[in-house]
Amino acid sequence: MSDELRGSRKPVPEAGPPIKRLTTGNRELDDILEGGIPENSLNIIMGEPGSGKTTLAEEFVFANADEERRPILYLTTISEPLDKVIKYLQQFRFFDAEKMGATVLYEGLGDELTARGVGALHARLKDAIKTLSPKIIVIDSFKAIHDLAKSTNEMRLMLHEVAGLLAAYNTTVLLVGEYRHEDIVTFPEFAVADGIIELARNALGTRDERYLRVFKLRGSSYRQGFHAFDITSEGVAVYPRLVSPVEATSYSRDSSRASSGVPGLDAMLGGGFWTGSSTLLAGPTGSGKTTMGIQFILEGLRRGERCLLVNFQENPTQLAHQIEEIGGKLDDDARGRLELLYYSAVELSIDRIIVSIFQALNRSAIRRVVIDALGDLAMAANDPTRMHDYLYALVQHFAVRGVSSVLTLETDPPIMSSDATHGRLSHMTDNIVFLEIREKEGTVGRTLRIAKARGIAHDLQSRELKIEAGGLRVGKGRA
């Protein structure tokens with residue numbers, strides 16, 4: 001019987017070695033790029049003027065400058081004078097004066113381009129490769145070279161020569177330019193690029209939000225979507241878009257309980273919340289949400305756990321006073337296990353907050369998290385769908401890590417619906433506790449009702465909720 005009749009198949013070729021990566025100088029951006037920029041690739045960093053392209057390119061340069069290896073060449077064209085580029089470079093902490101002129105070389109190409117046209121680029125690169133052997137070449141701005149071309153055909157021929165030269169030589173190239181998104185499908189440089197990173201700004205009220213996305217990364221996976229970033233004195237600070245953890249389909253859940261810290265509430269829950277579960281505290285102003293969140297944190301500290309309290313309402317001084325009023329003065333050990341993250345409600349960025357939370361989780365084995373309050377976070381997200389996606393992924397990460405979380409939400413009357421404001425929160429949390437303020441027989445008082453407790457045969461009755469010197473306590477009588 002012939003091989004064809006037997007159904008024989010050609011052997012599957014073995015996978016090649018993994019692609020080596022160069023760090024961008026930013027850990028979070030490296031994560032988005034699955035390890036960094038592929039070595040010996042040609043990449044475009046694009047965006048409008050002032051979007052942060054040059055800062056990103058320069059941080060990449062200094063992160064990879066090594067005295068033991070080949071130098072890095074940074075070529076400026078006719079967009080900005082070389083002296084001006086270097087002047088602003090020195091404002092960033094990643095700048096290292098000792099590397100300038102040694103492992104990092106800045107050179108201007110403007111005069112040659114003006115005199116000889118776009119053909120001057122190939123000659124300069126060929127000479128640089130022969131004399132310097134650079135491991136990285138940055139051309140800023142490459143869009144300015146494009147604008148000098150007399151025709152699309154001239155630009156295409158020049159790119160063919162340059163791409164062929166660089167492909168035959170082991171170097172990583174960044175082409176920086178003020179490109180528009182629609183240029184991707186028409187400009188020839190995008191056809192030869194191995195990677196494309198787009199930077200953009202979006203007006204949000206009285207401030208701008210910056211975003212980046214990886215549009216292309218040949219032969220490599222990457223995290224898709226828009227990722228927020230800031231430009232700081234450290235350089236580019238990136239806040240990756242949060243996605244659900246891969247482990248969410250297969251992790252083992254802890255069978256222990258996390259005490260609420262509120263007398264009487266654990267009894268209504270048959271022993272407390274499941275460890276790793278997420279709890280939504282919903283109620284109007286003054287109903288006790290923040291107090292209950294603090295009691296949850298204090299209970300964790302009493303049990304020797306590390307805890308994180310994220311707050312947008314009270315500043316650290318106010319919050320410390322509240323904690324002391326409820327639980328007394330914390331000793332040094334308890335203070336060392338409590339981490340506070342405070343953000344002013346005026347300048348909230350959901351991406352920055354999420355990254356800060358995960359940085360705290362990675363620093364220490366945090367077991368409890370309280371986020372107070374979600375309404376402020378929803379305003380920062382500026383998009384109900386985005387808010388829902390972030391929170392869903394966040395509570396999934398908490399569950400996989402075995403972190404018990406409490407999230408507060410101001411709602412009056414205390415009902416949960418799937419509207420834009422609440423972002424379908426009731427569907428993603430394990431437990432929902434309503435705190436209410438009611439008037440009964442001329443007396444106003446607080447009440448508590450457990451609307452949902454996943455996997456727990458909980459008490460469904462509304463109970464009196466009393467506030468005392470040590471915080472909240474659930475009464476025995478029905479409300």
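**Contacts, a helix and some backbone details in a predicted model**

Leaving aside residues up to four places away in sequence, I19 touches P38, E39 and G219. The model described here is a predicted one. Within it, I19 sits in the loop that runs between α1 (3-6) and β1 (21-22). Is I19 buried or exposed? The residue falls in between: a relative accessible area of 38% makes I19 partly exposed, because burial requires a value under 20% and exposure one over 50%. As a further point of orientation, K87 lies 68 residues from I19 along the chain, and the C-alpha atoms of the two are separated by 35 Å.

It helps to set this loop against the whole protein. The secondary structure consists of 17 helices and 22 strands, and the C-alpha trace spans about 90 × 75 × 40 Å along its principal axes. Of the 479 residues, 51% are buried. Among contacts with a separation of 6 or more, 69% are between residues 24 or more positions apart. The protein exposes about 23000 Å², of which carbon and sulfur atoms supply 49%. As for charge, there are 57 positive and 64 negative charges, and their mean positions are 5 Å apart.

Helix α12 offers a good place to look at burial in detail. This helix covers residues 316-327, 12 residues in total, and reaches 16 Å from its first C-alpha to its last, close to the 16 Å expected at 1.5 Å a residue. Which residues of α12 are buried? They are L319, I323 and I326. These three lie on the same side of α12, because they cover an arc of only 70 degrees around the axis. The cover over the buried residues of α12 includes the helix α11 (289-302), together with the strands β15 (306-311), β16 (338-342) and β22 (471-478). On the face turned away from the buried side, α12 carries the exposed residues T317 and E325.

The backbone also has a few features worth a closer look. Most residues other than glycine have a negative phi, and most peptide bonds are trans. Where does the model depart from this in its peptide bonds? One case is the bond from D140 to S141, which is cis, with omega near 10 degrees. S141 is found in the loop between β6 (136-140) and α7 (142-148). Another cis peptide bond joins D372 and A373, with omega at about 15 degrees. A373, for its part, lies in the loop between β17 (366-372) and α15 (374-381).

Turning to phi, E34 has a value near 60 degrees, which is positive in a residue other than glycine. E34 lies in the loop between α2 (27-32) and β2 (37-38), and its relative accessible area of 44% makes E34 partly exposed. N40 likewise has a positive phi near 60 degrees and is a residue other than glycine. The place of N40 is the loop between β2 and β3 (42-47). With 39% relative accessibility, N40 also counts as partly exposed.

Note on methods
Residues are numbered from 1 along each chain as its sequence is written. This is a predicted model: local features need pLDDT of at least 70, side-chain atom pairs count only at pLDDT 80 or more; totals for chains, interfaces and linings use all residues. Side-chain values use heavy atoms; hydrogens and water are left out. Helices (H or I, at least four residues) and strands (E, at least two) are DSSP runs, numbered from the N terminus. Buried means under 20% relative accessible area, exposed over 50%, partly exposed in between (1.4 Å probe, protein chains only). Contact means heavy atoms within 4.5 Å. Accessible areas come from the Shrake-Rupley method with a 1.4 Å probe; for residues, only the protein chains shown count as cover. Lys and Arg count as positive and Asp and Glu as negative; His and the chain ends are not counted. The place of a charge is taken as NZ of Lys, CZ of Arg, CG of Asp or CD of Glu. The expected span of a helix is 1.5 Å times one less than its number of residues. The arc is that of the directions from the helix axis to the C-beta atoms.
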